[in-house]
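Student: I would like a close look at a single part of this model, followed by whatever else helps to place it. Could you take me through one helix with some care?

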Amino acid sequence: MCDFRKEEWRGELKFGVKLASLADIFVHDAILAAHRIFPFTVCVARSMKPKPAVAGFVMQKELHYLVGALANPKRPFAAIVGGSNLSDKIRLIKSLLKKVDFLLLGGGIVFTFYKAMGYSVGSSLVEQCYLKMAKKLMTKAKAKEKANRKGAIVLPSDVVIADRFGTNAERKVVPASKIPDRWMWLDIGPETIVSFGQKLDTAETIIWNGPMGVYEYHNYTNPCISRFLEDFFSVNIVLN
């Protein structure tokens, strides 16, 4: 319910203090928002003292499976990481590359990698300060892949692009290396969906963090990866 309050999106900490004053105990079970610094995720918990503030059963279950998957995964071990900002995911990516057999990247974070590789990215988001880091990670990942060692990075081969950000934008599918000027990424393409699916078909443990495409507009949100994973009940899947 807090998502609909303007105080929440403004990050007004006094709103969190107000919420805490109404409760005898605070149970945080919103796993998908747990990493965000919002009044209801941070300030409420801090303001509850000396009253208890705890994680809920959903959070407990998520952490249980995540710790188990990272500590003793069935191999091949795969990870899928998406989202719009590489700055939010770089630490996660670096950590996972030490553990997984291969890492599938999607979402807006891939365009900093593409730019570092010399690709044309149109008006897609690029975080300039992470270009060197992206190039370094790709170089290491390619070396590991050639040596048949864990830690390979798999990027989308094609993408859905649009001439603007909106539901009525003109869109088309192009190779990931050939995005025209003034066009922007919105989703992974059909060729990528097939190739990602083939890679995931070999995995025994999968961890997924972040969307592969723009989720604000339903006509750009591609559920194919989700549906693919749902078909493999024998695979250990952690959605984080």
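**A helix and its two sides**

Tutor: In this predicted model, helix α2, which spans residues 13-21, has Phe 15, Gly 16 and Ala 20 as its buried residues. These residues lie on the same side of α2, because the arc they cover around the axis is only 140°. An α-helix has 3.6 residues a turn, so residues three or four places apart point the same way. On the face of α2 turned away from the buried side one finds the exposed residues Lys 14, Lys 18 and Ser 21.

Burial can also be followed elsewhere in the model. The largest nonpolar core holds 40 residues, of which Ile 93, Leu 103, Leu 105, Phe 111, Phe 113 and Ile 153 touch the most other members. Among the elements that give two or more residues to this core are the helices α4, α5, α6 and α7, together with the strands β3 and β4, and β7 and β10 are also included. Leaving aside residues up to four places away in sequence, Leu 103 touches Ala 79, Val 81, Ile 93, Leu 96, Leu 97, Ala 152, Ile 153 and Val 154. A second, separate core has 14 residues, including Ala 78, Phe 102, Ile 188 and Met 212.

Strands β7 and β10 can be followed further, since they belong to an open sheet of 3 strands, ordered β8-β7-β10 with antiparallel pairing. Its edge strands, each pairing on one side only, are β8 (171-175) and β10 (184-188). The antiparallel pairing of β7 (residues 158-162) with β10 runs over 4 bridges, and Val 160 stands opposite Asp 187 in β10.

Technical notes
Residues numbered from 1 in each chain as written. Predicted model: local features only at pLDDT ≥ 70, side-chain atom pairs only at ≥ 80, totals over all residues. Heavy atoms only, no water. Pairing = 2+ DSSP bridges. Core = buried A, V, L, I, M, F, W, Y, C linked by side-chain atoms within 4.5 Å. Buried < 20%, exposed > 50% of the residue type's maximum accessible area, 1.4 Å probe, protein only. Contact = heavy atoms within 4.5 Å. Arc of directions from axis to C-beta.
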